[in-house]
Amino acid sequence: MPGESVAARKRRAARIVRGLARAYPDADCALNFRSSFELLMATILSAQCTDAKVNDVTAVLFERYPTAEALADASPSELEAIVRPTGFYRQKAKSLLASSRDIVEKFGGEVPGTMENLTTLRGVARKTANVVLGNCFGVPGLAVDTHMKRVHQRLRLTAHDEPDKIEMELMDLVPRTQWTAHTHRVIHHGRVCCVARRPRCEACPVRDDCPWPDRASAAKPVARRHRARR
Ligand code: SF4
């Protein structure tokens, strides 16, 4: 909000965190996985792709390559063919191979459970590491993807564009115990309500705490339709 003090911003952030928790109590990771290795690979594939498509692809991928050891020895062309439906398939196949080899060579075949070690794996940045830490190791993490970025920018809880800076800013505004759950709720909110092209502000559970300038105008077409029926 214009001229908002740091304390007022923190109070507003706390109301938003609670509001999203009430609205989406069951929000959870939408990627299918049975191990930290599977979630790591699925998260790498999820860049610029829907979770539903990733789940279709990983059902085939993990049947063929169930472990880091198996995937580290995969044929690049065969791997590319499997992951092709997720887009950017050449780069993603390279990242799956390279990170699997790193897991085998540096960590004895086990996905490491710290940010420091996870981000040494090729193709793994903080967002991916936070997904794995939060969902497999019980280490709270704010995974800043496109939904986390858009929703928090509209809510004016960040002024940054870079995911790492957004994450650091949110660390001060969201209680640490809520980081993983808040990520799931915001991603869900970004998919069902605060969508990219025309957010459904009229139905938003945190509307009263959102200063997004276009919020009011986004609801106008609904009002116009009502007037036309009279
Ligand atoms: S009021 Fe609109 S812009 Fe603000 S968070 Fe809700 S849906 Fe997004």
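**Tour: a helix pair, the ligand shell, the whole chain**

Select helix 5 (residues 76-83) and helix 6 (residues 89-107): they pack at an angle of about 120 degrees, with axes 9 Å apart. This is a predicted model. Angles of 65 to 115 degrees count as roughly perpendicular and those over 145 as roughly antiparallel, so helix 5 and helix 6 are oblique to each other. Turn the view until one helix lies over the other. Helix 5 passes helix 6 in a right-handed crossing.

Now show the side chains where the two helices meet. On helix 5, pick P76, L79, E80 and V83. Facing them on helix 6 are Y89, R90, K92, A93, L96 and L97. This contact between helix 5 and helix 6 holds 7 nonpolar and 3 charged residues, with no polar ones.

Next, go to the ligand. Select the residues around it; there are 14. Which of them come nearest? Color C194, P199, C201, C204 and C210 to see those. Then color the shell around the ligand by class: 10 residues are nonpolar and 4 are charged. Polar residues are absent from this shell.

Zoom out to the whole chain. Color by secondary structure and 13 helices appear, with 0 strands. From the N terminus on, every element in the run is α. The C-alpha trace spans about 65 × 45 × 30 Å along its principal axes.

Last, color by burial. Of the 230 residues in the chain, 36% are buried. Finish with a contact map. Among contacts with a separation of 6 or more, 57% join residues 24 or more positions apart.

Conventions:
Residues numbered from 1 in each chain as written. Predicted model: local features only at pLDDT ≥ 70, side-chain atom pairs only at ≥ 80, totals over all residues. Near = placed C-beta within 6 Å. Nonpolar A, V, L, I, M, F, W, Y, C, P; charged D, E, K, R; others polar. Axes fitted to C-alpha atoms, helices over the stretch in contact; angles between N-to-C directions. Helix = DSSP H or I, 4+ residues; strand = E, 2+ residues; numbered from the N terminus. Parallel < 35°, antiparallel > 145°, perpendicular 65-115°, else oblique. Left-handed = near helix turned anticlockwise from the far one by under 90°. Contact = placed C-beta atoms within 7 Å. Buried ≥ 20, exposed ≤ 12 C-beta atoms within 10 Å, placed from the backbone.
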